[in-house]
Amino acid sequence: MDTSKKPTVVPREVEKIVSNYTTNAVDAREKLGDTLCAAKWYHTSLNLRTGKSRSCYHPPFHQISDEDLQKPDGLHNTEFKQQQRNMMANGIKVSECSYCWNTEKDGSLSDRHFRSGEEWAIDFYNYKDDLEKLKNVTPTYVEVMFSNTCQLQCSYCSPEYSSTWASNIRRYGPYGTSIPHNIITDDTPTDSKYIDKFWEWFPTMYPQLKVLRLTGGEPTIDKNVLKLLEFLNVMPHRGLDLAVTSSLSVRRFGQYSNGADRVFPIDNVARAVNRAREITGNYGKYHELIRSICMNNSVKSFTQYVSVDTFTSEKLEYARVNTNMNIVNVGIQDINQFNALLYKTKQSDKTVTPIQLSYIITMNVLNVTSIVKTLDVILKQREAQVSYEPDRQLIWFDTPILTAPSWQALNILPRAYQEYVIDAIEFMEANKTKDVNHPVEKLLGFRDFEIERMKSVLAFMKTTPTDMETLHRCYSDFYRFFSEYEQRNKLGKFEKVFPEMSEFWKQCQYYSRQTRRWLKN
Ligand code: SF4
């Protein structure tokens with residue numbers, strides 16, 4: 001933690017880190033051997049609503065026991081996690097990490113290597129041969145979800161992560177797919193003991209923290225997230241990469257108090273912070289705190305992740321119920337305007353932390369046909385960024401692949417749909433960053449690793465579900481789910497929103513009817 005008054009640390013240049021990403025992973029592979037992973041020791045992902053923990057986002061969550069809670073760091077160093085670490089240290093490939101072992105089967109680098117090559121994992125190598133010393137290790141990467149409060153109801157989400165999904169299921173019951181979908185398995189009210197424990201522990205682990213990632217629900221309206229940001233405002237930590245994931249579509253709370261949903265021109269940073277105060281509710285407070293943290297350079301970097309999937313309004317608003325494209329756009333413009341003002345401030349010799357915008361484009365059946373348009377919007381935003389902040393890349397994106405629910409995964413689509421991703425790869429190749437060492441060119445176009453990520457989307461589309469019966473069940477479930485989903489949520493018809501997918505929809509309808517007939521007989 002750095003509490004010095006004069007900020008001297010220049011915020012991290014993300015591109016330096018991403019360009020070494022693969023080299024670092026190769027290096028980590030050499031050092032780790034066959035079973036170790038730094039994430040098992042230094043990374044924690046916490047669901048404090050239900051009192052669950054896991055080492056990264058691949059293994060399932062496990063319950064934090066009452067015995068664990070007796071220990072000061074029991075949210076992270078749970079009994080269960082310690083057993084898994086012991087097994088890894090004894091050369092066992094623990095089953096909860098099957099995601100990595102499967103990736104490594106053909107010699108590929110897995111997340112175990114990538115994650116262990118990141119900056120927050122460096123300390124692990126000092127203790128790798130004496131792991132007993134890491135029994136009660138302090139994590140350097142913490143991801144926290146305080147609650148599932150969220151006003152959206154995205155098609156692939158669940159009651160565990162969205163309170164609106166939970167209300168819908170309580171009202172109408174689970175969806176009538178082949179296996180009833182989104183049954184509420186854990187309806188216990190939030191037990192504050194895990195959150196209380198977090199607040200007891202946080203100040204002690206805070207100085208060692210390198211990455212803090214806040215998720216939800218919709219974290220931007222969560223009172224515990226605001227409390228955390230208030231803490232950061234008072235106790236700056238200039239070695240910390242802070243990140244918050246949001247839909248930037250907080251309708252009821254996200255409007256300015258005068259009702260206007262548009263970005264007003266503002267000429268200085270302090271006024272931009274004040275302007276955030278006019279946004280109603282917790283959402284306004286969130287923006288005010290973030291802007292203040294960035295203006296005062298209180299952290300090393302701040303990334304606003306935006307889950308958006310597509311920039312085509314009608315598709316976005318169908319796939320993510322209660323989203324409003326206009327509100328998302330206003331949120332983005334607000335951030336861009338703030339960054340432009342920060343840049344002017346930086347010119348006058350003050351060190352500041354700009355907001356990095358990183359879009360999460362989760363690749364699934366509902367966004368694949370608009371992927372080129374999505375990339376085009378990002379490309380244009382990168383071009384526009386040069387005019388207000390020419391020093392570093394602020395617009396980022398990632399294209400993770402959705403695998404569950406299986407009937408929304410890309411690999412159920414007929415082969416012809418691969419053309420959309422092939423077009424996307426060609427579009428990215430045609431607009432590839434020309435010179436990664438040139439001060440301006442490096443901000444434009446698409447990077448190698450972004451194109452590689454898109455190629456892995458194509459590779460995934462080429463994998464088919466295990467057998468024809470499973471595939472036909474996916475078609476049937478797709479139809480049964482979405483026809484019910486649009487009725488429950490009063491949405492437009494699938495074929496109207498996705499006319500280019502009309503054939504596929506009919507195919508799914510056919511298999512849904514077949515399944516019904518088969519069940520009747
Ligand atoms: S081995 Fe893979 S799944 Fe397991 S903790 Fe490491 S990165 Fe996560």
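I'll start in a loop: Gly 217 sits in the loop between β6 (211-215) and α11 (223-234). The peptide bond that leads into Gly 217 from Gly 216 is cis, and its omega is near 20°. Before going on, note that this is a predicted model.

There is a second cis bond to show you. Ala 404 and Pro 405 are joined by a cis peptide bond with omega about 0°. Pro 405 is in the loop between β11 (395-398) and α17. Why point these bonds out? Most peptide bonds are trans, and most residues other than glycine have a negative phi.

That brings me to phi. Leu 248 has a phi near 50°, which is positive, and Leu 248 is not a glycine. Look for Leu 248 in the loop between β7 (237-246) and α12 (269-277). Is Leu 248 buried or exposed? Leu 248 has a relative accessible area of 0%, and buried means under 20%, so Leu 248 counts as buried.

Asp 309 is another residue other than glycine with a positive phi, this one near 65°. Asp 309 lies in the loop between β8 (299-307) and α14 (313-319). Its relative accessible area is 4%, and Asp 309 is therefore buried by that cut-off of under 20%.

Next, the helices. Two packed helices are described by the angle between their axes and the distance between the axes. I have two pairs, and α17 takes part in each.

Take α16 and α17 to begin with. Helix α16 covers residues 371-388, and its axis comes within 9 Å of the axis of α17, crossing at roughly 20°. Angles under 35 degrees count as roughly parallel, so α16 is roughly parallel to α17. The crossing of α16 past α17 is right-handed. Which residues make the contact? From α16 they are Ile 371, Val 372, Leu 375, Asp 376 and Leu 379, and from α17 they are Tyr 420, Asp 423, Ala 424, Phe 427 and Met 428. Sorted by class, this contact of α16 with α17 has eight nonpolar residues, two charged and no polar ones.

Now α17 with α18. Helix α17 runs over residues 418-430 and helix α18 over residues 448-462; they pack at an angle of about 165°, with axes 10 Å apart. An angle over 145 degrees counts as roughly antiparallel, which means that α17 is roughly antiparallel to α18. Here α17 passes α18 in a left-handed crossing. On the α17 side the contact includes Val 421, Ile 422 and Ile 425, and on the α18 side it includes Ile 451, Met 454 and Leu 458. Also in this contact are Glu 429 of α17 and Lys 455 of α18. By class, the contact of α17 with α18 has 10 nonpolar, one polar and four charged residues.

Last, the aromatic rings. How many aromatic pairs does the structure hold? The number is 39. I'll show one of them, Trp 120 with Tyr 141. The ring centres are 5.3 Å apart and the planes are at 75°; planes over 60 degrees apart count as edge-to-face, so Trp 120 and Tyr 141 form an edge-to-face pair. Trp 120 is in the loop between α7 (111-116) and α8 (124-127), while Tyr 141 is in strand β4 (residues 141-145), so the pair ties together parts 21 residues apart in sequence. Both Trp 120 and Tyr 141 are buried.

How values were computed
Residues are numbered from 1 along each chain as its sequence is written. This is a predicted model: local features need pLDDT of at least 70, side-chain atom pairs count only at pLDDT 80 or more; totals for chains, interfaces and linings use all residues. Side-chain values use heavy atoms; hydrogens and water are left out. Axes are lines fitted to C-alpha atoms, for helices over the stretch in contact, and angles run from 0 to 180 degrees between N-to-C directions. Helices (H or I, at least four residues) and strands (E, at least two) are DSSP runs, numbered from the N terminus. Angles under 35 degrees count as roughly parallel, over 145 as roughly antiparallel, 65 to 115 as roughly perpendicular and the rest as oblique. A crossing is left-handed if the near helix is turned anticlockwise from the far one by less than a right angle, and right-handed if clockwise. Contact means heavy atoms within 4.5 Å. Ala, Val, Leu, Ile, Met, Phe, Trp, Tyr, Cys and Pro count as nonpolar, Asp, Glu, Lys and Arg as charged, and the others, Gly among them, as polar. Rings of Phe, Tyr and Trp (its six-membered ring) pair if their centres lie within 6.5 Å; planes under 30 degrees apart count as stacked, over 60 as edge-to-face and the rest as tilted. Buried means under 20% relative accessible area, exposed over 50%, partly exposed in between (1.4 Å probe, protein chains only).
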